[in-house]
2 protein chains.
Amino acid sequence: MPDGGVLGAGPAPQLSRDARLTPYERIKAAILSGELAPGQPLVETSLATWCGVSRTPIREALRRLQQDGLIDRSERGMAVRERSPEEILDIYDTRLVLEAMAGRVAADRRTPYDLRTLRLWLDRGRQVDPGDNAGMVEVNENFHSAVWRASHNESLIDLLERLNLHLARYPGTTLSSPGRWDAARHEHQELADAIERRDSEAAHAIALAHFVAARDIRLTLFDDETGRPR
Amino acid sequence: MPDGGVLGAGPAPQLSRDARLTPYERIKAAILSGELAPGQPLVETSLATWCGVSRTPIREALRRLQQDGLIDRSERGMAVRERSPEEILDIYDTRLVLEAMAGRVAADRRTPYDLRTLRLWLDRGRQVDPGDNAGMVEVNENFHSAVWRASHNESLIDLLERLNLHLARYPGTTLSSPGRWDAARHEHQELADAIERRDSEAAHAIALAHFVAARDIRLTLFDDETGRPR
DNA sequence: GCGTGGGGGAATGCATGCAACTGAGCGGTA
DNA sequence: TACCGCTCAGTTGCATGCATTCCCCCACGC
């Protein structure tokens with residue numbers, strides 16, 4: 001079990017993060033960034049020292065994170081949830097279906113404002129340098145989030161956000177794969193076009209193909225990181 | 001705003017529920033049963049008195065319920081989340097897609113043990129009296145839960161459980177509709193057969209049709225309860 | 001040497017007290 | 001009469017203290 005760097009750092013830890021963030025947001029960010037590694041036990045007093053608050057708000061944060069599915073009860077307290085290649089495949093299989101549905105429903109329900117938002121993120125995508133990982137990820141997430149919201153189905157959006165949260169536990173982005181950024185932008189363009197002309201079946205098919213490709217790249221990334229043979 | 005019956009019942013409320021239930025479970029059950037009505041404000045001290053504990057465990061329960069999406073922050077504290085016919089339609093639309101996926105994947109991945117469980121709940125369904133609402137609901141939920149688990153996709157199961165939780169906020173069951181119980185059992189049988197013979201496309205189609213029918217009945221139920229014209 | 005029982009330390013569950021904030025009601029004034 | 005400000009009650013956010021539980025480890029006995 002890894003002895004993480006951020007905990008057990010003595011009684012006067014450096015508060016490297018924005019102090020205005022709530023303990024929930026800070027711990028969540030630490031889990032998603034990998035700063036708190038999978039399997040790492042989460043001790044309330046250590047986290048309290050780290051966040052500079054008492055145990056009470058930490059306890060609430062841990063309950064919320066437990067409900068999010070980011071941490072679970074191991075023997076003796078909480079621990080960051082483990083990862084597995086099986087899980088990432090399952091998440092993507094599920095996401096395929098929901099993203100395809102989002103595209104289909106968005107084509108039916110989108111408003112003129114939704115179209116403006118989609119076009120905005122397509123434009124931003126053109127301005128991003130292919131070497132700028134953070135920029136690509138931001139534009140990509142905002143574009144797909146705009147598709148979700150264009151579906152105007154709150155339950156669907158809620159589930160997609162939950163899936164995305166679990167996906168964020170896995171490092172790496174498919175967009176840094178050679179040529180993927182241009183291909184993704186092209187598919188985004190086609191998806192936005194289908195949504196604009198209210199072609200729900202096309203939007204469904206394009207979104208499906210888009211995330212099938214993303215899944216396959218993502219699996220390769222995960223194998224590379226864990227040193228597994230492909 | 002309704003003044004709920006369970007709160008503000010004085011300093012010595014009768015503990016009608018099992019005292020071993022955690023505050024989270026008790027409040028959750030009260031919301032799902034309608035004992036705590038939509039829109040009702042949730043005051044920590046009142047809930048603490050009701051559950052016979054202090055505010056601390058209540059606060060944790062409220063944070064978890066917030067993460068579940070059963071309650072949300074209104075101005076001045078928490079309140080039970082409101083309902084709407086639009087939401088129930090959106091939930092069912094999403095559920096259609098996920099249940100159809102569950103049927104398809106279950107046909108691919110089911111084990112012999114999964115088949116035994118499916119058959120078990122089909123048998124139980126035959127023994128239930130069509131007037132026994134609670135019995136029908138129990139058998140129905142267990143059968144579909146068995147399909148979910150037969151998919152062996154934890155992410156999918158997680159999302160379906162979340163959807164089901166939100167659906168449970170709405171009263172009534174489609175199974176009490178005339179003739180629906182027999183029709184549902186017949187469709188369950190066909191779904192189990194398709195899963196057994198690994199016919200994923202048939203399982204997909206049967207599950208889809210099953211939940212389209214359930215959605216349409218459910219919408220009628222909701223309209224009847226709220227007195228809306230159909 | 002091995003197994004077992006007890007003790008100590010650590011972590012969690014819960015209760016309580018205090019501070020801050022907010023909203024409503026009320027009174028005063030123009 | 002209408003509007004503005006003040007005060008107080010109610011509620012939440014947070015810190016702290018205590019009890020409990022449980023694990024680990026060491027010492028003791030067989």
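The exercises below, each with a worked solution, concern a predicted model.

**Exercise 1.** Determine in which order the 3 strands of the open sheet in chain A are arranged, and which strands stand at its edges.

*Solution.* Begin with the order, which is 1-3-2 in chain A, with antiparallel pairing. Strand 1 (41–42) and strand 2 (71–73) of chain A each have a single partner strand and therefore stand at the edges, so that one side of each is left without a neighbour in the sheet. Turning to the pairing in detail, strand 2 of chain A is joined to strand 3 (residues 78–80) of chain A by 3 bridges, the two running antiparallel. Within this part of the sheet, Arg73(A) is placed opposite Met78(A), which belongs to strand 3 of chain A.

**Exercise 2.** Identify which elements give two or more residues to the surface near DNA strand D, and describe how its residues divide by character.

*Solution.* First collect the residues whose C-beta atom lies within 6 Å of the strand; those surrounding DNA strand D include Arg55(A), Thr56(A) and Pro57(A) from chain A, and Val43(B), Glu44(B) and Thr45(B) from chain B. Next assign them to elements: helix 3 (55–68) of chain A and helix 2 (44–51) of chain B are those that give two or more residues, and helix 3 of chain A gives the most, with 3 residues. Finally, sorting by character yields 3 nonpolar, 5 polar and 4 charged residues.

**Exercise 3.** Establish how chain B is related to chain A.

*Solution.* A turn of 180 degrees with a shift of 0.0 Å along the axis lays chain B on chain A with an RMSD of 0.1 Å. The two copies are thus related as by a two-fold rotation axis. As for the interface, 100% of the interface residues of chain B are also interface residues in chain A, so the copies meet through the same surface.

Conventions
Residues are numbered from 1 along each chain as its sequence is written. Chains are lettered from A and ligands numbered from 1 in the order in which they are written. This is a predicted model: local features need pLDDT of at least 70, side-chain atom pairs count only at pLDDT 80 or more; totals for chains, interfaces and linings use all residues. Two strands pair if DSSP finds at least two bridges between them. Helices (H or I, at least four residues) and strands (E, at least two) are DSSP runs, numbered from the N terminus. Ala, Val, Leu, Ile, Met, Phe, Trp, Tyr, Cys and Pro count as nonpolar, Asp, Glu, Lys and Arg as charged, and the others, Gly among them, as polar. Copies are superposed by least squares on the C-alpha atoms of residues with pLDDT of at least 70 in both. Two residues are in contact if their C-beta atoms, placed from the backbone, lie within 7 Å.
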